[in-house]
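Reader: Mind walking me through this one? I'd like to take it piece by piece, with the reasoning spelled out.

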Amino acid sequence: MTATSPPPADPPAVGGPPPEPMDLEAFRRNGHAAIDWIADHLATLEDRPVWSGVEPGEVRAGLPAHAPRDPEPFEDWLADLDEVVVPGLTQWQHPGWMAYFPANSSPASILGELVAAGMGVQGMLWSTSPAVTEVESTVLDWMVEELGLPASWRVDTGPGGGVIQSSASDATHTALVVARHRATQAGAAAEDCVAYASNQAHSSIEKGARVAGIGHVRLVEVDDAFALRQAALAAAVAADLEAGRTPVFVCSAVGTTGTTAVDPVRAIAEIARRHGMWHHVDAAYAGTAMLCGELRHHQDGLDLVDSYVTNAHKWLWTNFDCSLFWVADRGPLVDTLSIVPPYLRNAASESGAVVDYRDWHVPLGRRFRALKLWWVLRSFGVDGLRGRIRDHLDWAHDLADRLDADARFRVIAPTPFGLVSVCHADPGRNDDFLATVTAARDLGLAASEVDGQRFLRISIGATWTRREHVEQVWELLDRAA
Ligand SMILES: *Cc1c(COP(=O)(O)O)cnc(C)c1O
């Protein structure tokens with residue numbers, strides 16, 4: 001912690017008029033300078049280390065102890081970015097970024113975000129800014145087509161519909177709340193309700209079950225490829241029914257966070273249907289890759305599920321936050337979340353002819369997030385996005401094959417998408433190997449652990465990554481082995 005000084009005393013209440021907002025000519029000038037700053041930042045990323053080297057408290061020590069009392073010149077704002085902020089950034093947009101999952105941004109997305117902020121509108125209801133709702137519904141309907149999702153999920157024709165949420169976690173929490181509400185309305189006690197997922201499922205399932213007040217979570221066994229075992233799920237459900245509990249929710253993962261394992265969606269859907277459970281599909285990372293038709297067999301069975309989430313803010317060049325959530329039937333969602341205070345009543349809502357997205361998630365207020373996704377689609381074209389994803393898939397498969405063919409390495413899980421999961425074949429050398437490769441400064445690589453096995457996750461899919469960066473990874477691994 002830095003030493004603190006007492007805040008300066010309040011100034012006397014007399015004085016000149018308070019400053020106006022930045023005048024629009026200055027805004028124009030400063031805005032151009034800010035875009036220049038971003039372009040320079042992106043153009044020079046490769047010369048910077050991926051990982052920030054700051055010590056705890058170092059960024060804070062570079063900031064004033066108190067908020068600015070008087071206006072400060074814009075040049076100083078930018079100078080502090082370079083001096084104080086950038087050294088404290090982990091460079092997720094670096095071309096060598098292969099840690100965790102990608103969190104892609106792109107120039108079109110940045111501009112869409114900026115323009116949305118410039119409009120500064122709230123789209124909680126159709127009537128509070130009709131274009132926010134209608135652009136969002138349209139873009140999500142387009143994505144139903146392009147991702148090969150069931151046509152009934154379109155908001156214009158189907159009983160279902162799509163909505164942008166802040167994160168996959170929020171979307172999953174929402175699905176859990178709907179499942180809980182449906183069950184308790186039918187007479188179940190929340191503390192007897194049970195949610196199921198594989199033991200490789202994302203932590204948002206457990207967190208969301210807590211948020212929703214669902215009494216029990218069962219993390220079901222997986223097979224050798226880390227996919228949920230259908231028989232283990234059926235047995236867990238049977239045991240809970242036997243004990244008088246109420247199964248209400250099951251999550252299938254299409255691309256787990258650990259190793260991108262794929263659960264058998266259709267087989268799980270059959271169990272879900274038999275017991276009236278809400279079936280949610282978490283495809284946060286891998287779902288956007290379904291732009292490529294050859295991958296869609298991984299999510300066969302979507303015609304039988306209740307909800308689905310994928311993150312445009314991971315592998316679709318759209319900066320955080322932009323999580324795409326669909327329901328097969330919007331009725332239960334809106335029934336669960338719609339509460340209408342008198343000040344939000346309006347003729348359009350009461351006509352039933354419009355979508356009011358405030359009823360589709362927890363927050364009331366909502367930004368114009370569809371704009372950046374629309375602009376990403378316009379910038380690359382969906383075929384352009386497909387091509388880039390196919391490049392990533394090729395590079396990942398080539399790397400996985402090369403590692404697989406080399407006796408020094410062991411690929412520990414299948415590579416259905418852009419993630420390669422690998423360890424040193426000699427258990428005695430694995431820790432040193434991982435320490436060496438994750439210490440690289442110009443490549444962002446991170447280790448993880450599954451079933452007691454530590455391994456390297458090489459996640460290929462960042463915006464500016466080229467094949468040569470994947471080649472650099474190979475060279476690093478080759479040297480470190
Ligand atoms: C990344 C991820 C999440 C969480 O995504 P957020 O949008 O950050 O909440 C959930 N599930 C899976 C499978 C993920 O890969």
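Reader: Let's start with Arg366: where is its place?
Author: Sure, and keep in mind that this is a predicted model. Two helices frame the spot, H12 (347-351) and H13. The place of Arg366 is in the loop between them.

Reader: Is Arg366 buried or exposed?
Author: Under 20% relative accessible area means buried. Arg366 has 2% relative accessibility, so it counts as buried.

Reader: How far apart in space are Arg366 and Leu324?
Author: In sequence, 42 residues separate Arg366 and Leu324. Going C-alpha to C-alpha, the spatial distance is 14 Å.

Reader: OK, salt bridges. How many does the structure hold, and which residue pairs with Lys372?
Author: The structure holds 25 salt bridges. In one of them, the closest N and O atoms are 4.0 Å apart, and the partner of Lys372 is Asp321.

Reader: Why does the pair of Lys372 and Asp321 tie together parts that are apart in sequence, and how many residues apart are they?
Author: Lys372 sits in helix H13 (residues 370-380). Asp321 is in the loop between helix H10 (312-315) and strand E7 (323-327), so the pair links parts whose separation in sequence is 51 residues.

Reader: Are Lys372 and Asp321 buried or exposed?
Author: The cut-off for buried is under 20% relative accessible area. Lys372 falls in that class, and Asp321 does too: buried.

Reader: What about Arg358: which residue does its side chain meet in a salt bridge?
Author: Both partners here are buried. The N to O distance is 3.1 Å, and the partner of Arg358 is Asp359.

Reader: And Arg454 with Asp431, what is the N to O distance and which elements do they lie in?
Author: Their side chains meet in a salt bridge at 3.0 Å, N to O. The pair ties together parts 23 residues apart in sequence, because Arg454 lies in strand E11 (residues 453-459) and Asp431 in helix H15 (residues 427-438).

Reader: How do Arg454 and Asp431 count, in terms of relative accessibility?
Author: Partly exposed is the class between 20% and 50%. Arg454 has 34%, so it counts as partly exposed. Asp431 has 46%, so that residue also counts as partly exposed.

Reader: Which residues do salt bridges with shared partners join into one network?
Author: Lys372 and Asp321 turn up again here. They are joined with Glu113, Arg367 and Arg369, so to list the network in full because shared partners connect it: Glu113, Asp321, Arg367, Arg369 and Lys372.

Reader: On to the surface. Which residues form the negative patch, and where does its largest share come from?
Author: The patch is made of Asp36, Asp40, Asp70, Glu72, Glu75, Asp76, Asp80, Asp82 and Glu83. Helices H1 (24-43) and H3 (74-85) each supply at least two of its residues. The largest share, five residues, comes from H3.

Reader: Where does Glu72 lie, and what is its relative accessible area?
Author: Glu72 lies in the loop between helix H2 (58-61) and H3. Glu72 is partly exposed, its relative accessible area being 43%.

Reader: Which residues form the nonpolar patch, and how much accessible area do they have together?
Author: Met22, Leu24, Phe27 and Trp77 form it. Met22 is in the segment before H1. Together the four have an accessible area of about 450 Å².

Reader: Last one: how compact is the protein chain, going by its radius of gyration?
Author: There are 16 helices and eleven strands in the chain. The globule rule gives 23 Å for 481 residues, and the chain is close to that, so it is as compact as a globular protein of that length, with a radius of gyration of 25 Å.

Key
Residues numbered from 1 in each chain as written. Predicted model: local features only at pLDDT ≥ 70, side-chain atom pairs only at ≥ 80, totals over all residues. Heavy atoms only, no water. Patch = residues over 30% accessible without salt bridge, like charges linked within 9 Å, V, L, I, M, F, W, Y side chains within 5 Å. Areas by Shrake-Rupley, 256 points an atom, 1.4 Å probe, with all protein chains shown as cover. Lys, Arg positive; Asp, Glu negative; His and termini not counted. Charge placed at Lys NZ, Arg CZ, Asp CG, Glu CD. Helix = DSSP H or I, 4+ residues; strand = E, 2+ residues; numbered from the N terminus. Buried < 20%, exposed > 50% of the residue type's maximum accessible area, 1.4 Å probe, protein only. Rg over C-alpha atoms; globule rule 2.2 N^0.38 Å.
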